[in-house]
Structures are given as structure tokens and as C-alpha cells.
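Trainee: I have a structure to look at and I'm not sure where to begin. Can we go through it together?

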Amino acid sequence: MLQINYIREHKAEALERLKKRNIEVDKLFNKIIDKDDLRKDTQSKLDNFLSQSNQIAKEIGQYFKNGEKEKAEEAKIKTVELKQNSKSLTELLNKVSDELTDLLTQIPNLPHESVPSGNSANDNKTVSEEGNIPKLHENALPHWELAQKYDLIDFELGNKISGAGFPVYKGKGAKLQRALINYFLDKNTSAGYQEIQPPHLVNEASGFGTGQLPDKEGQMYHVTADNLYLIPTAEVPVTNMFRDVIVKSEDFPIKYTAYTPCFRREAGSYGKDVRGLNRLHQFDKVEIVQIQKPEQSYQTLDNMVEHVTQILRELELPFRILKLCGGDMSFTSALTYDMEVYSAAQERWLEVSSISNFESYQANRLKLRYKDENKKNVLCHTLNGSALALPRIVASLLENNQDEKGIRIPKVLVPYTGFKYINS
RNA sequence: GGAGAGAUGGCAGAGUGGUCGAAUGCGGUGGUCUUGAAAACCAUUGUACAGCAAUGUACCGGGGGUUCGAAUCCCUCUCUCUCCGCCA
């Protein structure tokens with residue numbers, strides 16, 4: 001959520017920056033400012049009435065103390081009108097405040113000045129590309145067939161138990177998952193991220209804090225009996241640890257990492273996009289989250305991209321880094337880098353990490369602040385990224401590392417898997 | 001699931017209708033003393049909105065009500081704890 005005072009003071013600049021998302025919000029902005037004017041006006045009128053009421057109440061208290069009953073009764077009459085006015089103004093104020101919040105939540109974050117303009121994924125900018133795209137042998141298979149051939153993942157069994165998009169990992173497939181999780185967590189913790197095991201279900205306030213609610217309501221699994229949501233990413237519980245928190249300046253940098261399963265309804269997805277491991281309802285992911293001072297946040301974003309880059313290099317996967325265009329960025333982000341690995345049998349790039357700086361957009365919803373040098377409370381910046389999402393890494397590993405006889409495990413993973421090669 | 005207790009400032013913990021934004025203790029910050037530190041003593045110490053400011057208003061789990069006046073009384077929701085039951 002943008003801050004109302006920012007919109008008031010930097011209206012033209014905000015409008016300009018939002019153009020990168022291809023949205024015109026002139027009218028919405030005017031509505032917001034009008035609404036805020038009304039809010040302020042109502043508030044100060046109400047304060048005035050309340051102030052008078054408080055004054056009279058004190059006087060009445062004094063009269064009773066002094067036994068001046070008649071004076072007290074006289075004063076009571078004066079409050080009747082004040083009370084009525086206060087009541088109707090309170091109702092108006094609540095209504096106006098709610099409407100203002102509704103309007104504000106409709107505005108996405110302002111894109112950073114370096115964000116390219118554009119409508120879709122085609123307009124994203126490739127920042128860098130690294131690694132060699134492997135030449136596969138003639139009978140190379142896509143990962144879903146490899147998974148079946150070597151009995152690593154059973155999609156049919158998952159279908160039976162839960163439904164499409166809930167694969168069952170078996171034997172070396174399951175071990176590979178566990179190996180990747182441990183490897184990622186070890187990389188992250190040795191880079192200074194503290195490991196967290198958060199809840200996998202969150203309440204409504206948490207969903208609102210990081211921006212999944214109300215914007216992406218339909219994307220989360222909702223446990224209606226208890227009004228809880230299955231997390232779509234560890235970002236939600238981890239970032240919400242800091243809801244309503246005022247951190248100390250010396251607490252920075254705040255760095256966390258967490259492995260969790262992620263649950264996504266993915267309503268409306270179909271076709272080759274969802275084949276095999278490409279898009280699932282439940283998948284494993286190791287996330288990194290940072291909370292920073294505003295002046296540090298873009299340096300931090302670069303560090304996070306560099307950190308994930310290192311991991312991809314160690315995994316010996318060909319990858320590229322994209323800077324997302326305004327039209328492709330998520331609602332809450334100010335700047336996002338996507339990391340994609342090449343999956344050689346499918347001959348396509350797969351997103352395995354999305355690293356974003358949300359600036360103060362989430363922090364404003366979370367009421368996450370820190371005390372600056374002048375002891376003023378200032379909104380923090382929040383950032384997060386995957387390090388990394390498992391299924392597409394697995395897809396790419398299987399496809400790229402296959403030969404006629406089996407699949408080679410990258411060196412860094414061997415201590416974690418206990419095997420170098422999958423051939424049976 | 002059954003029975004009971006509770007939710008107050010960073011923490012602990014008073015406060016059962018009036019000057020209570022809230023005692024007291026601990027913690028934090030600043031200072032005095034000291035070669036330095038500790039101790040002791042003094043002062044200070046919540047958040048938000050409006051306002052240049054003085055100041056005003058709101059907030060004692062959330063929402064609603066009674067009253068001139070609510071942390072305090074009533075209704076309701078949520079959460080926490082204890083005991084019993086069940087159980088990884």
C-alpha cells in the first residue's frame with residue numbers, strides 16, 4: 001500500500017511511474033485525495049466535538065463533587081446535541097476511512113526508475129546469460145519421462161491421492177529433493193541468513209500484510225473452517241514475523257531463510273505450461289527474506305541476485321537473469337529480477353527464482369518501521385527471493401544432465417545425495 | 001471435545017465509574033558522582049491522526065452498547081492459559 005501523504009505530495013511523479021505498468025490512475029488519485037480531504041475534515045470536526053464533550057464531562061464531575069446537582073443537570077442538557085453530532089461524524093469517519101483504504105489497496109507499487117516499460121513477459125530485459133546450453137543425445141527425454149523411467153517421481157500416484165499438480169517423489173527422487181533443500185539452506189545460512197521454520201497456514205492479517213489479500217485471494221487455498229490460508233510462499237509467514245514491529249537501527253541487516261512447501265491453486269493454468277514439474281499446486285521452495293533501511297535496499301537486492309547467481313553456477317546450470325518490465329511485475333513489487341534456468345529437453349527457460357524489492361509497500365501494510373537517527377519512525381523496506389524453488393531446478397537437472405545411461409548429479413550435491421548418478 | 005481463568009505500556013504487574021495515557025518494579029535513554037566501571041541518585045522514556053506551533057483527539061485484545069463521563073458496567077467475537085479427555 002502506498003502512503004497517502006506520498007500520493008498527496010508527489011502525485012505527478014507517482015502517476016508517471018505507474019505508467020510503466022500501463023495503468024492510468026489519474027481519476028483514482030483524485031478520488032483518493034478528495035476522500036482524504038474529507039477524512040481530515042471529518043476528523044477535525046469530530047475532534048472538536050469530542051473535545052467539548054470531554055470538557056463538559058469534567059465540569060459535571062466537579063459539580064457532583066461540590067454537590068451542585070442543578071448545575072450538573074443543566075450541563076448534561078448541553079451534551080445531547082454534541083453526542084448526536086459526534087455519533088454521526090464517527091460513523092461518517094469510519095465509512096470514509098474504509099473507503100480510503102479500499103481505494104489505496106487498488107494501487108500497485110510504483111515501479112523503480114530502472115524498470116523497463118512493457119506489457120508482457122516479451123518485454124522483460126535480459127540482464128545477463130551464463131553457462132553452456134548442453135547438446136543432448138538423440139533420444140533425450142523431457143523430465144516427466146525421465147522421472148518415470150528412473151522411478152523418481154510418480155505423477156499418477158499423486159493424482160490418485162490428491163489430484164493433478166501434487167506429485168509423489170520416490171527413492172532417489174525424494175532424496176534429491178531433500179538434498180537440494182539442505183544444500184540451499186546451507187548456502188543461505190552461511191551467507192548470514194538465519195534459518196526459520198514457520199507455520200504453513202497463516203491468518204487473514206498475514207495475507208493482507210504481504211499483499212496476497214485482497215489482491216490474490218483466489219490463488220491461495222483457504223481453510224474456511226478456521227479461516228486460515230495455506231502459504232503460497234514462505235515470504236508470507238516470515239515477513240509477517242515483523243508485522244507491527246518497530247525494529248532498532250542496529251538490528252539491520254535482518255536476514256532470514258526458510259524452507260517450506262508452497263501451495264498455489266493456479267486457477268486458469270493449462271497445457272504445456274503445467275506439464276510435469278513445470279507448474280504444481282504443491283512444491284518445495286527455500287526462500288530468503290531481508291528487511292532493510294530504505295537507503296540500503298537496492299544494494300541489498302543486488303546482493304541477493306548475486307547470492308542466487310552463485311548457487312546456480314555451483315549447480316552447473318545454464319541460466320539467465322531478467323529484469324521484469326512494468327507490465328509483468330507483481331502488484332507489490334518495485335523492482336523484480338527473475339532467474340531462469342534452461343531446460344534442454346523442453347528447450348525452454350524456466351523461472352526458478354524471483355527476487356524483488358517491495359520498498360515500503362509491504363512495510364506500510366505491515367506497519368513495519370525502524371527508529372532513524374532522529375528517533376523518528378520510518379517504514380522499512382522488505383525484500384525477498386527464492387533460493388531456490390525446487391521443481392524446475394529438478395526438471396532442468398534431469399534434462400540437462402541426462403545421457404544414454406542415466407543422469408549425472410552435480411558435484412556440489414553429491415555430499416547431500418550420497419550418489420553421483422541416477423541409472424536405476 | 002468438557003470445565004474454569006484471563007487479555008493493561010518494551011517486560012512484569014496495580015487499577016471495579018470521574019483529573020487514568022494509566023501506580024509501582026524491571027528494562028531503555030540522558031545526566032550527577034568516579035581515573036574507569038559498578039552501585040547509588042536525578043531526569044526522561046508508547047503509537048497514530050490533525051496542526052507551523054501551542055495543543056487537540058484516539059488507543060488498556062477486536063467490535064458494539066449503557067452513561068454527562070468507561071481500562072473499570074453490559075453484549076459479542078477472537079485469542080491465551082490451567083485442569084480433564086483425546087492424541088503425534
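**Pockets, a strand and the RNA**

Mentor: Start with the second largest pocket: its lining has nine nonpolar, seven polar and eight charged residues. Keep in mind that this is a predicted model.

Trainee: How much space lies in the second largest pocket?

Mentor: About 540 Å³. Its lining is made of 24 residues, and those closest to its centre are Phe155, Asn159, Gly165, Val274 and Gly276.

Trainee: Which helix gives the most to that lining?

Mentor: Helix H5, with four residues. H5 covers 143-149, and at least two lining residues each also come from strand S2 (153-154) and helix H6 (155-161).

Trainee: OK, and what volume does the largest pocket have?

Mentor: The largest pocket is about 1400 Å³ in volume. It is lined by 48 residues, with Arg264, Arg279, Glu351, Ser354 and Arg392 the closest to its centre.

Trainee: What classes of residue are in the lining of the largest pocket?

Mentor: There are 17 nonpolar, 16 polar and 15 charged residues.

Trainee: And which element has the largest share there?

Mentor: Strand S13, which supplies eight residues. S13 spans 348-357. Other elements that each give at least two residues to this lining include S10 (282-292), S16 (381-389) and helix H12 (390-400). Strands S11 and S12 are also among the contributors.

Trainee: Let's stay with S11. How many of its residues are buried?

Mentor: Five of its five residues, 319-323, are buried, so to speak of it as mostly covered is fair.

Trainee: Which way do the side chains point from S11?

Mentor: Phe319, Ile321 and Lys323 point one way, while Arg320 and Leu322 point the other way. All of them are buried.

Trainee: Why do they split like that?

Mentor: Because side chains in a regular strand alternate between the two faces of the sheet.

Trainee: Which strands does S11 pair with?

Mentor: One is S1 (residues 125-130), which runs antiparallel to S11 and is joined to it by five bridges. Another is S12 (residues 335-343), also antiparallel to S11 and also joined by five bridges.

Trainee: Which residue stands opposite Lys323?

Mentor: Lys125. On the S12 side, Arg320 has Glu340 as its bridge partner.

Trainee: Change of topic. Which residues come nearest to RNA strand B?

Mentor: Ala57, Gln62, Lys65, Arg369 and Lys371, out of 19 residues around the strand.

Trainee: What classes make up that surface?

Mentor: Near RNA strand B there are five nonpolar, six polar and eight charged residues.

Trainee: Where does the largest share of that surface come from?

Mentor: From helix H3, with twelve residues. H3 runs over 26-65, and helix H4 (69-105) and strand S14 (369-371) each supply at least two residues as well.

Trainee: Which part of the RNA is within 4 Å of the protein, sugar and phosphate or bases?

Mentor: Both, in unequal shares: 69% of the RNA atoms within 4 Å of the protein belong to sugar or phosphate, and the rest to bases.

Trainee: What does the side chain of Asn54 have 3.3 Å away?

Mentor: An N or O atom of the Asn54 side chain is 3.3 Å from a phosphate oxygen of RNA strand B. For Asn377, a side-chain N or O atom is 3.5 Å from a phosphate oxygen of the RNA.

Trainee: And what lies 2.8 Å from Ala57?

Mentor: A base nitrogen of RNA strand B, with a backbone N or O atom of Ala57 on the protein side.

Note on methods. Residues numbered from 1 in each chain as written. Chains lettered and ligands numbered in written order. Predicted model: local features only at pLDDT ≥ 70, side-chain atom pairs only at ≥ 80, totals over all residues. Heavy atoms only, no water. Near = heavy atom within 4 Å. Polar contact = N/O pair within 3.5 Å; in protein donor to acceptor, adjacent residues only side chain to side chain. Nonpolar A, V, L, I, M, F, W, Y, C, P; charged D, E, K, R; others polar. Buried < 20%, exposed > 50% of the residue type's maximum accessible area, 1.4 Å probe, protein only. Pairing = 2+ DSSP bridges. 1 Å grid on protein atoms, 1.4 Å probe; cavity = no way out; pocket = protein on both sides within 12 Å on 5 of 7 lines; lining within 4 Å. Points joined across faces, edges and corners; volume = space filled by probe spheres on them.
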